[in-house]
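Visitor: I'm new to this one and would like to learn how to read it. Could we go through it together, feature by feature?
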Amino acid sequence: MIYHVPWIYTPVRTVLAIWHQLIKTEIPELSKCSVLMRERGRVEETIYAMQRAGAGNLQVISDFDMTLTRFAHNGKRVPTTHNILDNRLLINEDCTKKMRELMNTYYPIEIDASRSVEEKLPLMVEWWTKVHELLIQQRIRKDMLSQAVKESSAMLRDGYKVFFDRLAENQVPLLIFSAGVGDVLEEVIRQNRVFHPNVHIISNYMDFDHTGILQAFKGQLIHTFNKREGALSHAACLRELQGRPNVLLLGDSLGDLTMADGVSEPQNILTIGFLNDQVEERKELYVNSFDIVLVKDETMDVPNAILGHITSSRDSK
Ligand code: TMP
Ligand code: MG
């Protein structure tokens, strides 16, 4: 109605324009050249709604490999949790060769934009099952895992410390939901000194016999495209995540988008997708699927800026 009064129209419009300008410059990281957004307005509205609700209503759900860890460093691929196991302390040359062959066969399928999830699903089960069988045959020793992680070139994204520390300081739970190997994942974040008490992990955990030799993997297998099942059966039961209807979700695969399916009565969900590989082929799909897409961005700058904003609320816990 106020817009129809001519003398008030211009000043109101000016004030609104200034206000919008202010809002836009408040999160300058959203203007980074690596950032793609379908609807910037909606992203900003969601961030402001989350800020108003405060850190006490927030939970963060993140994938691990190639999301919290870097994709590449100095032109070389950074190892995933499975690939960290490629160390003579743990597996022999033949196993390395077989795991690489499997990776070369199945990874292109995992990221193939022209195949449907339904088509990929059984192939992912096949990949993970074969790799886990190979690892079990190697009789991996639990007490060697820590050394293998130390000797690996595992690397969390730049700015990881701010990310983990800020969540811990604000008592915001962080659920890491990974199709990687849980024991290795834990060791990576422990060695980086960010395994804080607010961190919860759902992943494929190794089952060791009484002498500390790998004999199986525990529970239901988690691969890239069945995280929804884990979200409904495990994440939904985590007491620490209850009563937090606002979710910041981070992933690098379209399968990661289902990680928040176990959240009951969600209010605001903001999804961030790292597009690391096959950029041109997958750009459109990613922009249509994630709220924010980070193209070949090896940093946590954008998630950190958003978290800084949300946790800056005076009402936060
Ligand atoms: P994530 O859920 O933490 O991202 O872990 C899954 C990734 O692990 C997925 O993108 C493919 C990768 N992976 C390997 O690098 N080597 C393997 O042998 C397997 C089975 C998966
Ligand atoms: Mg991943």
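Visitor: Let's start with Arg141: is Arg141 buried, partly exposed or exposed?

Guide: This is a predicted model, so keep that in mind throughout. The general idea is to look at relative accessible area, where under 20% means buried, over 50% means exposed, and anything in between means partly exposed. Arg141 has 39%, so Arg141 is partly exposed.

Visitor: Which residue forms a salt bridge with Arg141?

Guide: That's Asp143, and the closest N and O atoms of the pair are 2.8 Å apart. Asp143 has a relative accessible area of 53%, so Asp143 counts as exposed.

Visitor: How many salt bridges does a search of the whole structure find?

Guide: There are 22. To read one inside a helix, check how far apart the partners are along the chain. Take Asp94 and Lys98: both lie in helix H4, 4 residues apart, which is about one turn of the helix. Their closest N and O atoms are 2.9 Å apart. Asp94 is partly exposed at 40%, and Lys98 is partly exposed at 36%.

Visitor: And what about Asp165 and Lys161, where do they lie?

Guide: Both are in helix H7, again 4 residues apart, or about one turn. They form a salt bridge with closest N and O atoms 3.0 Å apart. The burial is worth a look here: Asp165 counts as buried at 19% relative accessibility, while Lys161 counts as partly exposed at 39%. Salt bridges can also share partners, and Lys32, Asp297 and Asp301 are joined into one network that way.

Visitor: Which residues of helix H7 are buried?

Guide: Across residues 160-169, they are Phe163, Phe164, Asp165 and Leu167. Once you know the buried residues of a helix, ask what they pack against. For H7, the partners are strands E2, E5 (174-181), E6 (199-204) and E9, along with helices H8 (182-191) and H11 (301-310). Just after H7, Gln171 takes a positive phi of about 55°.

Visitor: Where else can I find a positive phi in a residue other than glycine?

Guide: Try Met66, with phi near 70°. Met66 sits in the loop between E2 and E3, and counts as buried at 8% relative accessibility. Asn74 also has a positive phi, of about 50°, although it is not a glycine. Asn74 is in the loop between E3 and strand E4 (76-77), and is exposed, with a relative accessible area of 71%.

Visitor: Now the metal. Which protein atoms are the donors of the magnesium ion, ligand 2?

Guide: When reading a metal site, find the donors and then trace them back along the chain. Here they are Asp63 (OD), Asp65 (O) and Asp252 (OD), lying 2.0 to 2.2 Å from the ion. Their spacing along the chain is D-x1-D-x186-D. Asp65 is in the loop between E2 (58-62) and E3 (72-73), and Asp252 is in the loop between E9 (246-251) and E10 (268-275), so this pair ties together parts that are 187 residues apart in sequence. Asp65 is buried at 10%, and Asp252 is buried at 11%.

Visitor: What is Ile91 in contact with, leaving aside its neighbours within four places in sequence?

Guide: The contacts are Leu85, Asp86, Thr96, Met99, Leu135, Gln138 and Ile140. Ile91 and Ile140 are 49 residues apart in sequence, yet 7.0 Å apart in space, C-alpha to C-alpha. Ile91 lies in the loop between helix H3 (81-84) and helix H4 (93-110), and is buried, with a relative accessible area of 2%.

Visitor: Which residues form a nonpolar patch on the surface?

Guide: Val117, Leu121 and Val125, with about 180 Å² of accessible area together. Val117 is in helix H5 (residues 117-137) and is partly exposed at 34%.

Visitor: Zooming out, how many helices and strands does the protein have?

Guide: It has 11 helices and 11 strands. For overall shape, compare the radius of gyration with what a compact globule would give: for 317 residues that is near 20 Å, and the protein's 21 Å agrees. Of those 317 residues, 52% count as buried. Among contacts between residues at least 6 apart in sequence, 72% join residues at least 24 apart.

Key. Residues are numbered from 1 along each chain as its sequence is written. Chains are lettered from A and ligands numbered from 1 in the order in which they are written. This is a predicted model: local features need pLDDT of at least 70, side-chain atom pairs count only at pLDDT 80 or more; totals for chains, interfaces and linings use all residues. Side-chain values use heavy atoms; hydrogens and water are left out. Patches are made of residues with over 30% relative accessible area and no salt bridge: like charges are joined within 9 Å, nonpolar side chains (Val, Leu, Ile, Met, Phe, Trp, Tyr) within 5 Å. Accessible areas come from the Shrake-Rupley method with a 1.4 Å probe; for residues, only the protein chains shown count as cover. A salt bridge is a side-chain nitrogen of Lys or Arg within 4 Å of a carboxyl oxygen of Asp or Glu. Helices (H or I, at least four residues) and strands (E, at least two) are DSSP runs, numbered from the N terminus. Buried means under 20% relative accessible area, exposed over 50%, partly exposed in between (1.4 Å probe, protein chains only). Donors are N, O and S atoms within 2.8 Å of the metal (3.2 Å for Na, K and Ca); water is not among the atoms, so sites may look incomplete. The radius of gyration is taken over C-alpha atoms; the globule rule is 2.2 Å times the number of residues to the power 0.38. Contact means heavy atoms within 4.5 Å.
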